[in-house]
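This report goes through helix packing, buried positions and loop residues in one protein chain. Please keep the sequence and the structure open while reading.

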Amino acid sequence: MTTTTTTPRSVAPALALAIAGSEATGGAGAQADLKTFQELGVFGILSLTCIVSFDPADDWNHRFFPVPQDVQAAQLEAILADYPDELRAVKLGMQGSPETIRTTAEALRGHAWDHVVLDPVLICKGQEPGHALDTDQALKAELLPLATFTTPNHFETEQLSGMAVRTVEDLTAAARRIHEISGAAVLAKGGMHIEGLDAVDVFVDADHEEVLATPKIGDSGVSGAGCSLAAAVTAELAKGAEPVEAARRAKAFVTAGIAQAVEGRTPFAALWQGGLRETPEAGR
Ligand code: PXL
């Protein structure tokens with residue numbers, strides 16, 4: 001008689017879901033989310049909302065392909081049935097349309113979450129504001145009330161707070177306003193838009209208010225910074241960090257990734273999620 005012994009499984013990693021769009025060149029979107037989750041030791045899961053592929057023949061403008069609503073709903077159905085209890089943290093990235101926002105919100109309401117991190121993506125870097133207003137309305141009505149943490153950039157902070165933001169004081173006041181409206185922890189990102197030598201973000205929740213400042217790197221934004229920041233917050237929350245600590249670690253993760261961004265031909269270099277690794281990667 002033969003006996004076989006198997007090695008028992010070790011402790012499982014924390015899980016995190018991204019509900020986000022693909023950005024084909026790998027800089028932003030779902031690709032950034034999954035790379036960030038993996039880098040921070042979290043098992044990443046994805047429900048795809050849309051596909052963005054830049055057009056090299058048209059100044060790298062966005063070509064946007066929505067995922068049909070039944071396909072989005074089917075992905076969420078599979079994911080939530082697979083991990084009804086284990087999955088407690090979700091990051092909401094680009095939804096792309098009011099319809100997708102409604103499908104996402106409906107699925108979220110049918111599941112118990114500890115952490116719903118909303119990156120309120122309205123427009124991407126280099127895009128003109130303007131055609132995002134219906135998405136803006138749906139996001140405020142359907143997703144912001146479900147969020148426990150939100151990471152608006154400069155433009156989104158102005159949209160969500162209804163306030164103009166030029167200084168760190170403005171950014172703080174706007175972050176407070178968004179916290180009051182939503183009840184969520186807010187990490188408002190000044191990015192390259194606030195004058196001065198530092199890239200300043202402001203964290204506000206019921207317990208803490210903190211300005212997170214690091215020296216600006218380069219003189220233009222990097223693609224994937226916002227997506228990676230929100231994904232890193234989600235990963236740290238999934239692992240048990242307090243919100244302010246998740247914000248600090250996410251900022252450090254993104255700062256290191258910006259310092260080692262990958263240059264291609266698009267107008268913005270792409271954040272490298274391996275920036276905090278101790279050993280430089282071969283081949284660079
Ligand atoms: O960086 C915002 C963003 C998020 N998600 C997708 C994107 C972009 C910007 O290009 O394409 C899919």
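## Helix 4 and its cover

In this predicted model, helix 4 spans residues 133-143, and its buried residues are Thr135, Asp136, Ala138, Leu139, Glu142 and Leu143. The elements that cover these buried residues include two strands and two helices named here: strand 4 (89-92), strand 5 (115-118), helix 3 and helix 5 (154-161).

## Helix 2 against helix 3

Helix 3, which is part of the cover of helix 4, also packs against helix 2. Helix 2 covers residues 69-82 and helix 3 covers residues 98-109; their axes lie 10 Å apart at an angle of about 20°. Angles under 35 degrees count as roughly parallel, so helix 2 is roughly parallel to helix 3. The crossing of this pair is right-handed.

On the helix 2 side, the contact uses Gln69, Gln72, Ala73, Leu76 and Leu80, and these meet Glu99, Thr100, Thr103, Thr104 and Ala107 of helix 3. Sorted by class, the residues in this contact are 4 nonpolar, 5 polar and 1 charged.

## Lysine 91 in strand 4

Strand 4, another part of the cover of helix 4, holds lysine 91. Is lysine 91 buried or exposed? Its relative accessible area is 1%, and lysine 91 therefore counts as buried.

Residues up to four places away in sequence aside, lysine 91 touches Leu17, Ala18, Ile19, Asp33, Phe37, Val117, Asp119, Cys227, Ala230, Ala231 and Thr234. Among these, Asp33 and Phe37 also take part in the contact of helix 1 with helix 7, as do Cys227, Ala231 and Thr234.

## Helix 1 against helix 7

The axes of helix 1 and helix 7 come within 8 Å of each other and cross at roughly 40°. Helix 1 passes helix 7 in a right-handed crossing. Gly29, Ala32, Asp33, Thr36 and Phe37 are the helix 1 residues of the contact, and they meet Cys227, Ser228, Ala231, Ala232, Thr234 and Ala235 of helix 7. The classes here are 6 nonpolar, 4 polar and 1 charged.

## Helix 7 against helix 8

Helix 7 also packs against helix 8, with the two axes 8 Å apart and an angle of about 140°. Helix 7 is therefore oblique to helix 8. The crossing in which helix 7 passes helix 8 is right-handed.

Helix 7 contributes Ala225, Ser228, Leu229, Ala232, Val233, Glu236 and Leu237 to this contact, while helix 8 contributes Pro243, Ala246, Ala247, Arg249, Ala250, Lys251, Phe253, Val254 and Ile258. The contact residues divide into 12 nonpolar, 1 polar and 3 charged. Ser228 and Ala232 of helix 7 appear here and also in the contact with helix 1.

## Helix 8 and threonine 214

Helix 8 runs over residues 243-259, a length of 17 residues. From its first C-alpha to its last it reaches 24 Å, close to the 24 Å expected at 1.5 Å a residue. Its buried residues are Val244, Ala246, Ala247, Ala250, Lys251, Phe253, Val254, Ala256 and Gly257. Their cover includes helix 1 (29-39) and helix 7 (225-238), together with strand 6 (149-150), strand 7 (185-189), strand 8 (198-204) and strand 9 (209-215).

Strand 9 holds threonine 214. Threonine 214 has 19% relative accessibility and so counts as buried, since the cut-off is under 20%. Apart from neighbours within four places in sequence, threonine 214 is in contact with Leu197, Asp198, Ala199, Lys251 and Thr255. One of these, Lys251, is among the buried residues of helix 8.

Glutamate 263 lies in the segment after helix 8. With a relative accessible area of 65%, glutamate 263 is exposed. Its C-alpha atom is 9.7 Å from that of valine 222, 41 residues away along the chain.

## The loop between strands 2 and 3

Most residues other than glycine have a negative phi. Which values does the loop between strand 2 and strand 3 show at aspartate 59 and tryptophan 60? Aspartate 59 has a positive phi of about 55°, and tryptophan 60 has a positive phi near 60°. Neither residue is a glycine.

Aspartate 59 sits between strand 2 (43-55) and strand 3 (61-66) and counts as exposed at 65% relative accessibility. Tryptophan 60, in that loop as well, counts as partly exposed at 26% relative accessibility.

Terms used. Residues numbered from 1 in each chain as written. Predicted model: local features only at pLDDT ≥ 70, side-chain atom pairs only at ≥ 80, totals over all residues. Heavy atoms only, no water. Helix = DSSP H or I, 4+ residues; strand = E, 2+ residues; numbered from the N terminus. Expected span 1.5 Å × (residues − 1). Buried < 20%, exposed > 50% of the residue type's maximum accessible area, 1.4 Å probe, protein only. Contact = heavy atoms within 4.5 Å. Axes fitted to C-alpha atoms, helices over the stretch in contact; angles between N-to-C directions. Parallel < 35°, antiparallel > 145°, perpendicular 65-115°, else oblique. Left-handed = near helix turned anticlockwise from the far one by under 90°. Nonpolar A, V, L, I, M, F, W, Y, C, P; charged D, E, K, R; others polar.
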